[in-house]
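Me: I have a structure open and would like a close look at one part of it. Please take a single pocket and say what surrounds it, then add whatever else deserves a note.

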Amino acid sequence: MTSSNAQDPLRLNLALQGGGAHGAFTWGVLDRLLDEPGFTPDRISGSSAGALNGAALATGYAKGGPKGAKENLALLWQRVAESGAMMSMLHVPLRKPSLGVWDDAMPLLSPYQTNIFALEPLRYIVDSVADARALNADGAPALFVNAVSINTGASRTFGPGDLCRDAIIASACAPFMFQAVQIGEESYWDGSYGGNPILRPLYEGRAGADILLVELTPLGRAETPTTAKNILNRINEIASINALAWELQQLEALNRSRPGATARMHVISLPETESFSSFEPSTKRTIGCALFQALRRRGIGACDEWLAENRHAVGRRSTVDVEKRYLQPHGRRVA
């Protein structure tokens, strides 16, 4: 299916959030975009699962255009399923039918005690779909991934010129699942703790840019979490929301202060899809091809709807009210 003005150029800078298994929704969004005539991925910024999706898309696109990107994204989620099957062997003694004791115990256990595979599952995934030489080559979509330094607490963004396998692994290094990634003199964890994702590389140094955020983190939850796993999940979500709000505050300030600066925001959101409420938060740590394919289909459908409603606005205006959606609820003002 294509939208009414499908032959017009559709140049987008992609902001890909982390969210564990929910990243398969992003796979669906990207899969649909790659079928859209006129679509070109420009710059890509990703954290955690978003970094993996971004690396698969950019590597595949650099080597084989849209078809190569689609094939590499499919391979990514195949490899995630395979590596998850390997990891699940550790969980069997801690599970009981339909209720995972592992998820409740996770905040109390260290991956240095429980994960005998260390970083090998992540290395297996990244080595399958990411080619640092292709990612750093001229003409490839510019990929940026971020990770958080354990030693300083600062978020570091890796991009063309210093992008490497370990940077992508670090961005997806969930602290309770994997041992830290050493890069130079510092150790790193999951990038979503510092920015989910970092937006500045998508608009920095240019007069205008269309940024499409694929959103996996719900801005609000009606329920108060009571289990250890859901309390930790909501703490992580709140950190992600506040980091994104700060990024958007900086973007809006730039738009207002610099003549000609126009960063236009667009959002495709998993939490706003009809069936999101049926997902228990721990599905982020669920591994399974059936779940991945279900989320992919939802991503395709959500992208179809967004294209039908908003494709004509790309290059002209934002299709989301950033101040109303992200800034006002968090008491943020743009001078």
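Reply: What follows describes one pocket, then a helix and two points of the backbone. The model is predicted.

The part chosen is the second largest pocket, with a volume of about 380 Å³. Its lining comprises 17 residues, and those nearest the centre are V267, I268, S269, E272 and E305. Two elements, β10 (262-269) and α10 (289-310), each give at least two residues to the lining of this pocket. The largest share comes from α10, which supplies 7 residues of the lining. Sorted by class, the lining of the second largest pocket has 6 charged, 6 polar and 5 nonpolar residues.

Next, the helix. Helix α1 covers residues 23-35, and at 1.5 Å a residue its 13 residues should span 18 Å; the C-alpha atoms at its ends lie 19 Å apart, which agrees. Because 12 of the 13 residues of α1 are buried, this helix is largely enclosed by the rest of the structure. The buried residues are G23, A24, F25, T26, W27, G28, V29, L30, D31, R32, L33 and L34.

Two loops carry backbone details. In the loop between β2 (39-46) and α2 (49-91) sits S48. S48 is not a glycine, yet its phi is positive, near 55°. The relative accessibility of S48 is 9%, under the 20% cut-off, so S48 counts as buried. The loop between β8 (186-189) and α8 (200-203) contains P197. The peptide bond leading from N196 to P197 is cis, and its omega is near -5°.

How values were computed. Residues numbered from 1 in each chain as written. Predicted model: local features only at pLDDT ≥ 70, side-chain atom pairs only at ≥ 80, totals over all residues. Heavy atoms only, no water. 1 Å grid on protein atoms, 1.4 Å probe; cavity = no way out; pocket = protein on both sides within 12 Å on 5 of 7 lines; lining within 4 Å. Points joined across faces, edges and corners; volume = space filled by probe spheres on them. Helix = DSSP H or I, 4+ residues; strand = E, 2+ residues; numbered from the N terminus. Nonpolar A, V, L, I, M, F, W, Y, C, P; charged D, E, K, R; others polar. Expected span 1.5 Å × (residues − 1). Buried < 20%, exposed > 50% of the residue type's maximum accessible area, 1.4 Å probe, protein only.
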